[in-house]
Amino acid sequence: MDTSYDAIVIGGGSAGLSFARHAAGLGAKVALIERGKLGGTCVNRGCVPKKMLWTVADALWRAGGLTRSGLLGPTPQVDMERLCAARADKLQSIRDSYRGKLSEAGVTVIEDEAAMSAPGEVTVQGEKLHAPRIVLATGGHPIRPKMEGAELAETSDDVLEWTALPGSMVVIGGGYIGCEMAAIHAALGARVTLVTDTDRVLTEFSENAAKVGQRNMQAQGIRIIAGCAPAALRAVEDGLELALDSDTTIRAEKVVAATGRAPNLGVLGALQERVKLSDKGVIEIDECFETSLPGLHAVGDCADRLPLTPVAVADGETLARQLFGEHRDPVALRDVATTAFVLPPVGEVGQPAQGTIFEEEESTPLAAGVRADGPQDYWGLGGSEAAVTSVSLVGEGAQEAVAWAGQMLLHRPDRARMLRALGVHPTLSEAPMG
Ligand SMILES: Cc1cc2nc3c(=O)[nH]c(=O)nc-3n(C[C@H](O)[C@H](O)[C@H](O)COP(=O)(O)OP(=O)(O)OC[C@H]3O[C@@H](n4cnc5c(N)ncnc54)[C@H](O)[C@@H]3O)c2cc1C
Ligand SMILES: NC(=O)c1ccc[n+]([C@@H]2O[C@H](COP(=O)([O-])OP(=O)(O)OC[C@H]3O[C@@H](n4cnc5c(N)ncnc54)[C@H](O)[C@@H]3O)[C@@H](O)[C@H]2O)c1
């Protein structure tokens, strides 16, 4: 094994893969070290398997809502064996494609656990490797709530490997993961309760969009208990019992903790003392993704950016260009579009905290896919008449539309200019034009 490189990247997820391929493409000699499966969280236990489940859940949910509009026939059933096989094939094909791209780019891939042994030095498989630039792209892991019996709860890592669907489940946490897991499994037929310690779900989104999202989840049959941090979890004969307080308990087959994630920092060993963390507990970085330890960079979920795949991928490429090509500024986080895959999705881009200048709730049922019992749609524009700075959407297709809305926001349009583009009728896009 070669022991000297221009850069060593630890972690083969979205950020690490992007850095390695781009740095090697710019002529650098790069080693990538991954202890698990190539592709990391997004490919193996995040976005991709989640979206596969969501797609099946969405189809069932749509079909259910269309019976009153005349869609009849046998109710579709989920065959978990087929779904798991399709998932395994899909994930393997993505991993294979990454492996091919790394090999084409000339990246040395080492599949084992890496540890930093000194600045500029990484130990793997008993060998010491050296590089003037070490890049941490180690991602994160789910954290459990502080309560008695928390170890009995499963996490999104487990849920995305389930081979059978539960009849009932409690989800703790009302963030992206909690809401997505709740909406998907409710559509797949489980009786779902979501318990969160905040006063509403999806607090990362603007209040009114999130409230519409929450009402849609309730309309799906999900029981939402807000403002509550459960006290204890214990095993009972037919499943689990979650104590909300001293008097109230809920029983369910499965309990899922979706109470946040923390960065994987074990790789730092004794060097951790020299690497500054932000208030959020992730690695603090400067404009060049450099940590407080010179020559050590961090990208993706372990760093203080936004824990989203497109950001991890863009930051990996930006750092590669900064180190081995021409300087490029990191993408501005204010312009990153995002979506919670509930039913229908809640999407947002920009800075909604700057105030709302236009809102419409419950647009025509036609826009909601001709469902007689259509869920509520929502359209919100934020900013000022002179400069629209955010778009919030709830409705079918919001996950696609919000990205294009983000393209418009890059040009900082005034409201009149933004509304000059007509929406397509009958779709979610036409609401703010009317
Ligand atoms: C359930 C779920 C759903 C999600 N859905 C979406 C979505 O729809 N859209 C979206 O944009 N984002 C989504 N995300 C977030 C997205 O998955 C992450 O932002 C992204 O995967 C982060 O990539 P990363 O490269 O920083 O980290 P990771 O993908 O976590 O990669 C880090 C890698 O480092 C490896 N590693 C760690 N320590 C070591 C070590 N010491 N030695 C060697 N290797 C090591 C790990 O094995 C891992 O493979 C989701 C996340 C979850 C959990
Ligand atoms: N669709 C997507 O793009 C997508 C999907 C999944 C995850 N992600 C990314 O992953 C990140 C992590 O997601 P997440 O949902 O794990 O974390 P999160 O921090 O967004 O949500 C955690 C939720 O759990 C609640 N909570 C924490 N402790 C609790 C307790 N003891 N009792 C009750 N509630 C409690 C919090 O108030 C919060 O609502 C997100 O910020 C997001 O960037 C993105």
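Three strands of this predicted model line up as an open sheet in the order S12-S13-S14, and their pairing is antiparallel. Strand S12 (232–236) and strand S14 (249–252) are the edge strands; each has a single partner, so one side of each is left without a neighbour in the sheet. On average, neighbouring strands here are turned by 25 degrees against each other, direction ignored.

Let us follow one pair in this sheet. S12 and strand S13 (residues 239–243) are joined in the antiparallel sense over five bridges. They form a hairpin, with two residues between them. You can trace the pairing residue by residue: Ala 232 stands opposite Ala 243 in S13, and Leu 233 has Leu 242 in S13 as its bridge partner.

A second open sheet can be read in the same manner. Its three strands come in the order S4-S5-S6, and the pairing is antiparallel. Which strands stand at the edges? They are strand S4 (114–118) and strand S6 (127–130), and because each has a single partner strand, one side of each is left without a neighbour in the sheet. The twist from one strand to the next averages 35 degrees. Strand S5 (residues 121–124) pairs with S6 in the antiparallel sense over four bridges, and the bridge partner of Glu 121 in S6 is His 130.

Now turn to a pair that runs in the parallel sense. Strand S9 (residues 168–172) and S15 are connected this way over four bridges. In S15, Ala 257 is the bridge partner of Ile 172. Are the faces of strand S15 (residues 254–257) covered or uncovered? Both faces are covered: Lys 254 and Val 256 are buried on one side, and Val 255 and Ala 257 are buried on the other.

Helices come next, and H7 is a good one to look at. Helix H7 (residues 207–219) has 13 residues, and the distance from its first C-alpha to its last is 18 Å, close to the 18 Å expected at 1.5 Å a residue. Several of its residues are buried, including Ala 209, Val 212, Gln 214 and Met 217. Just after H7 you will find Gly 221, which takes a positive phi of about 105 degrees.

The model also holds ligands, and we can ask what lies around them. How many residues surround ligand 1? There are 35, and the closest are Gly 11, Gly 13, Gly 40, Gly 139 and Gly 300. Helix H1 (14–25), helix H2 (40–45), helix H3 (47–65) and helix H8 (309–324) are the elements that give two or more residues to this shell. Sorted by class, the shell around ligand 1 contains 13 nonpolar, 17 polar and five charged residues.

Ligand 2 has 27 residues around it, and the closest are Pro 145, Gly 173, Gly 175, Ile 177 and Thr 259. Helix H6 (176–187) and strand S18 (338–340) each supply at least two residues of this shell. H6 gives the most, with four residues. By class, the shell around ligand 2 is made up of twelve nonpolar, eleven polar and four charged residues.

Finally, let us place some annotated positions on the model. An unreviewed UniProt entry lists the feature "binding site" at Lys 51 and Asp 301. Lys 51 lies in helix H3, while Asp 301 sits in the loop between strand S17 (296–298) and H8. Why does Asp 301 count as buried? Asp 301 has 31 other C-beta atoms within 10 Å, and 20 or more are enough for a residue to be called buried. Lys 51 has 16 other C-beta atoms within 10 Å, so Lys 51 is partly exposed.

The unreviewed UniProt entry also lists His 425 under "active site". His 425 is found in the segment after helix H10 (415–420). Is His 425 buried or exposed? His 425 counts as exposed because there are 12 C-beta neighbours inside 10 Å, and a residue is exposed if that count is 12 or fewer.

Methods
Residues numbered from 1 in each chain as written. Chains lettered and ligands numbered in written order. Predicted model: local features only at pLDDT ≥ 70, side-chain atom pairs only at ≥ 80, totals over all residues. UniProt positions renumbered as here; feature names shortened; annotations may be inferred. Expected span 1.5 Å × (residues − 1). Near = placed C-beta within 6 Å. Nonpolar A, V, L, I, M, F, W, Y, C, P; charged D, E, K, R; others polar. Pairing = 2+ DSSP bridges. Axes fitted to C-alpha atoms, helices over the stretch in contact; angles between N-to-C directions.
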